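Please look over the structure below before reading the notes. They are grouped by topic and can be read in any order.

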Amino acid sequence: MAEEKLAIDGGTPVHTGGFPSGNKVGKEELEQLGEVIESGNMFYTSGTKVKGFAEEFAEIHGAKHAITSTSGTAALHVAIAMVNPSPGDEIILGPITDIGSVIGIVFQTAIPIFCEVRPDTFNMDPEDIERKITDKTKAIMAIHLFGNPCDMDPIMEIAKKHNLIVIEDCSQAHMSEYKGKLVGTMGDIGCFSLQQSKHITTGDGGITITNDDDLGTRGKLFADKGWHRDAYGPRKYTVFGINYRMNELTGAVALAQVRKMKDVITLRRARGDLLSELLADTPHVQPQVLLDGCKHTYWQYGLRVLDDAPFTPTDFARALKAEGIGCGQGYIGKPIFLCHDALRTQTIFGKSNFPFDHPNARPDLTYDESTCPITQKVLDHMVTVSISQFLSEDDIRDMAAGIKKVARLLGK
Ligand SMILES: Cc1ncc(COP(=O)(O)O)c(C=O)c1O
């Protein structure tokens with residue numbers, strides 16, 4: 001038998017022709033949209049689609065309140081407004097995320113404090129969360145990276161001990177589970193994105209859920225300019241809010257999408273779990289570790305090139321691509337605070353350093369390479385492949401074969 005050769009060295013690629021991408025929307029969305037157009041009403045207060053979507057999403061999560069909005073960033077901003085921090089108060093979050101997790105914190109004049117992630121799960125390390133708590137900490141934002149649930153038991157324990165609110169950023173994790181509970185239902189507030197790449201989508205959109213009446217009321221007001229629509233007489237505003245209202249066109253698509261959510265998740269999970277099964281015992285690379293009792297939903301499939309591998313993550317990614325398995329390296333590349341100059345230099349509003357220089361803020365906070373060195377190393381060693389409901393089992397088998405081939409032969 002001829003010796004097996006990597007495609008990068010002139011061998012035959014494991015897979016050719018790319019992988020299917022598919023269309024997440026179809027006739028169900030068109031039907032819902034048609035009803036909105038025929039009705040002539042696109043505004044949520046007098047329509048049924050935004051309300052219907054919020055109700056069905058809330059029901060799936062057993063949530064009392066669901067506040068729809070225009071993006072995941074907006075959903076998280078609503079959550080921060082629910083927390084209602086004073087200038088200089090602190091909110092702890094992980095640094096492997098989209099800037100949308102950070103935006104609401106700073107716009108509400110709070111200070112983002114970044115903790116390290118665990119090298120195996122890529123999720124926030126509860127021990128480091130606790131180390132980062134000060135008398136200014138008001139909340140923890142738990143980010144379920146790539147659809148992998150954070151270790152919520154210790155996070156909730158820490159929050160209880162220090163009297164903190166927990167926000168779950170489920171933008172990448174619709175219907176992921178931790179010990180039988182859906183993400184977004186364990187903390188005080190759960191936030192979801194409906195952006196194009198997400199498990200269910202309206203192109204852009206968001207939703208925030210909670211079981212707390214005070215938080216729910218505050219969030220609802222914040223997303224609708226703070227306006228008490230049921231008040232008579234002069235207009236009444238009690239929260240300084242913003243207009244993040246979802247319209248009926250978006251609501252129509254969201255309603256059709258939420259009805260597909262369970263099926264989409266079942267398929268994605270089956271594909272991702274199969275890949276993990278096939279990759280068991282692969283040398284030198286380790287799939288993102290899923291904690292016991294957890295269910296992933298694979299917004300991305302994360303791999304870690306181990307420290308003692310005889311190849312670099314860059315060489316691994318290059319060889320994998322040559323095998324016909326598209327992949328990304330390092331996700332966002334750097335901890336999020338190093339990706340954004342305004343944040344890194346703490347210059348958000350004009351030339352000022354507000355809120356970082358507010359008297360209530362700690363005076364010594366900087367964001368630099370020494371802030372989260374473990375997280376930087378995690379990013380440096382991370383390779384991702386894309387999983388979706390449109391892949392067949394054979395596609396997954398090819399992905400696994402490509403990853404195993406490269407891991408076995410590269411650096412030999
Ligand atoms: C973890 C995380 N948080 C927040 C966001 C922001 O969501 P959106 O793009 O819908 O504003 C995203 C989206 O990429 C995300 O992945």
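The shell around the ligand is made up of one nonpolar, nine polar and three charged residues. In this count, Ala, Val, Leu, Ile, Met, Phe, Trp, Tyr, Cys and Pro are nonpolar, Asp, Glu, Lys and Arg are charged, and the others, Gly among them, are polar. The model is predicted, so local features need pLDDT of at least 70 and side-chain atom pairs count only at pLDDT 80 or more, while totals for chains, interfaces and linings use all residues. Residues are numbered from 1 along each chain as its sequence is written, and side-chain values use heavy atoms, with hydrogens and water left out.

**Ligand**

- Of the 13 residues around the ligand, the nearest are G72, T73, D169, Q172 and S193; a residue is near a molecule or strand if one of its heavy atoms lies within 4 Å of it.
- Helix α3 (residues 72-83) contributes three residues to the shell, the most of any element. Helices (H or I, at least four residues) and strands (E, at least two) are DSSP runs, numbered from the N terminus.
- Two side chains have a polar atom close to a ligand nitrogen: that of D169 at 2.7 Å and that of S171 at 3.3 Å.
- K198 has a polar side-chain atom 3.0 Å from an oxygen atom of the ligand.
- On its own the ligand has 380 Å² of accessible area, and the protein covers 90% of it. Accessible areas come from the Shrake-Rupley method with a 1.4 Å probe; for residues, only the protein chains shown count as cover.

**Helix α6 and V166**

- In helix α6 (residues 152-162), the buried residues are M152, I155, I158 and A159. Buried means under 20% relative accessible area, exposed over 50%, and partly exposed in between (1.4 Å probe, protein chains only).
- These buried residues lie on the same side of α6 because they cover an arc of only 125° around the axis. The arc is that of the directions from the helix axis to the C-beta atoms.
- E157, K160 and K161 are exposed, and they sit on the face of α6 turned away from its buried side.
- The buried residues of α6 pack against α5 (126-131), β4 (137-143), β5 (165-169) and β6 (177-178). Contact means heavy atoms within 4.5 Å.
- V166 belongs to strand β5 and is buried, with a relative accessible area of 0%.
- Apart from neighbours within four places in sequence, V166 is in contact with I140, M152, I155, M156, A159, G187, D188 and I189.
- V166 and G180 are 14 residues apart in sequence, and their C-alpha atoms are 19 Å apart in space.

**Helix α7 and H65**

- The buried residues of helix α7 (residues 213-223) are L215, G216, G219, L221, F222 and A223.
- Those buried residues pack against β1, α3, β5, β8 (189-193) and β9 (206-210).
- At the start of α7, a side-chain oxygen of D212 comes to within 2.9 Å of the backbone nitrogen of D214.
- H65 is part of strand β1 (residues 65-69).
- The side chains of H65 and D213 are joined by a polar contact of 2.7 Å. A polar contact is a pair of N or O atoms within 3.5 Å; within protein, one must be able to donate a hydrogen and the other to accept it, and residues adjacent in sequence count only if both atoms are side-chain atoms.
- Not counting residues up to four places away in sequence, H65 touches T208, I209, T210, N211, D212, D213 and G216.

**Helix α14**

- A407 is found in helix α14 (residues 393-409) and is buried, at a relative accessible area of 1%.
- Leaving aside neighbours within four places in sequence, A407 is in contact with T282, P283, H284, V285, F311 and F316.

**Backbone angles**

- Most residues other than glycine have a negative phi, and most peptide bonds are trans.
- N163, which is not a glycine, has a positive phi of about 60°. N163 is placed in the loop between α6 and β5 and counts as exposed, at 70% relative accessibility.
- M175 has a positive phi near 65° and lies in the loop between β5 and β6. M175 is buried, with a relative accessible area of 10%.
- K225, just after α7, takes a positive phi of about 65°.
- F354 and P355 are joined by a cis peptide bond, with omega about 5°. P355 lies in the loop between α12 (341-344) and α13 (373-380).
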